[in-house]
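Me: Can you walk me through the surface, the salt bridges and the pocket of this one?

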Amino acid sequence: MKIIIFLYALLFGSFYNVVGLRVPEKKSIVKPRSSCPSCGRTLTIIELIPVFSYLFQLGKCKNCKKSIAPLYPIMELLTACLFVFAYAYSGWSFETVIAWTLISLLVIISISDIVYMLIPNKILLFFTAFFLIERIIQPLNPWWDSLVGSLVAFILLMAIAVISKGGMGGGDVKLYAVLGFVLGTKLVLLSFFIANLIGAIIGLLGIAVGIFTRKKPIPFGPFIAIGALIAYFFHESIFSWYLSFLR
Ligand SMILES: [Zn+2]
């Protein structure tokens, strides 16, 4: 079963690359078929096979020999691994469907935030509709924690965006409102804390090593994604570890 989920999720991941790359540019996600960004040649069916085509071509376009960004196969693999992990975590349950939806949103916004420094409204709206239905079928306990979580996250992030004068983007604020709805108050706050912690560590390391510069802004979306996934899957161990630490 896990292998089947893995293979399907690779295809999903490949589609999420397309969505994350095309929606911010207001292009159709169905047509035309993907092409090489350097020479514009339409990819053959074989070249559309996720990850494997990248490995077979040694990460280069067959036509112009320009290297293909490793971001795409990495995101495909990541999607597949996370889908399998979510299944192993909750088995055949509706919560797994919610986890898959959450992973899908986070992969797509990470791609568009890394490439364009942007989290598109269209994608947030689309997923909000999904989560609304999903949290009616499988509500949080209590059900209104979705509303409180969404509101608390929105107000907190909005306040930070105003105080930092644009240090936090509007897309980040809206994304957190959506995450608050899915995760609830406690987990969305935990996810925000983790995102900042990991963001600060990676940011400082990156500046020290010279990958990032202070002037160039670092996209926060991927850190939001990491924070949300860690909070979603590992909150129980984090909270129990924290309580034993307090004792
Ligand atoms: Zn090419």
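Reply: Sure, here's a short question-and-answer run through this predicted model.

Me: Let's start outside. Which helix gives the largest share of the nonpolar patch?

Reply: The patch covers about 630 Å² and is made by Trp143, Trp144, Leu147, Val148, Val152, Leu156 and Leu189. The helix with the largest share gives 4 residues and spans 145-163. That's helix H6.

Me: Okay, and tryptophan 143: buried or exposed?

Reply: Tryptophan 143 is found in the loop between helix H5 (121-137) and H6. Its relative accessible area is 57%, and the cut-off for exposed is over 50%. So tryptophan 143 is exposed.

Me: On to charges. How many salt bridges are there?

Reply: One is formed by glutamate 25 with lysine 27, with the closest N and O atoms 3.1 Å apart. Arginine 41 and glutamate 47 meet in another, also listed at 3.1 Å, N to O. Arginine 135 pairs with glutamate 95, where the closest N and O atoms are 3.3 Å apart. The count comes to 3 salt bridges.

Me: Take arginine 41 and glutamate 47. Which of the two is buried?

Reply: Arginine 41 has 23% relative accessibility, which makes it partly exposed. Its partner sits at 7%, and buried means under 20%. So the buried one is glutamate 47.

Me: And for arginine 135 with glutamate 95, how many residues apart are they?

Reply: Those two form a salt bridge. The pair links distant parts of the chain, with arginine 135 in helix H5 and glutamate 95 in helix H4 (residues 94-116). Arginine 135 and glutamate 95 are both buried. Along the chain they're 40 residues apart.

Me: What about glutamate 25: what's its exposure class?

Reply: Glutamate 25 is the salt-bridge partner of lysine 27. Its relative accessible area is 43%, between the 20% and 50% cut-offs, so the class is partly exposed.

Me: Now the largest pocket. Which helix gives the most to its lining?

Reply: The largest pocket has a volume of about 1,000 Å³. Its lining takes two or more residues from each of helix H1 (2-22), helix H2 (52-56) and helix H3 (71-90). With 7 residues, the one that gives the most is H1.

Me: Last one: how many nonpolar residues are in that lining?

Reply: The largest pocket is lined by 36 residues, with Leu21, Ser34, Ser35, Leu43 and Tyr72 nearest its centre. By class, 8 are polar and 7 are charged, while the nonpolar count is 21.

Methods:
Residues are numbered from 1 along each chain as its sequence is written. This is a predicted model: local features need pLDDT of at least 70, side-chain atom pairs count only at pLDDT 80 or more; totals for chains, interfaces and linings use all residues. Side-chain values use heavy atoms; hydrogens and water are left out. Patches are made of residues with over 30% relative accessible area and no salt bridge: like charges are joined within 9 Å, nonpolar side chains (Val, Leu, Ile, Met, Phe, Trp, Tyr) within 5 Å. Accessible areas come from the Shrake-Rupley method with a 1.4 Å probe; for residues, only the protein chains shown count as cover. A salt bridge is a side-chain nitrogen of Lys or Arg within 4 Å of a carboxyl oxygen of Asp or Glu. Buried means under 20% relative accessible area, exposed over 50%, partly exposed in between (1.4 Å probe, protein chains only). On a 1 Å grid over the protein atoms alone, a cavity is a set of points where a 1.4 Å probe fits but cannot get out, and a pocket is an open set with protein on both sides within 12 Å along at least five of seven lines; lining residues have an atom within 4 Å of a point. Grid points are joined across faces, edges and corners, and a volume is the space filled by probe spheres set on the points. Ala, Val, Leu, Ile, Met, Phe, Trp, Tyr, Cys and Pro count as nonpolar, Asp, Glu, Lys and Arg as charged, and the others, Gly among them, as polar.
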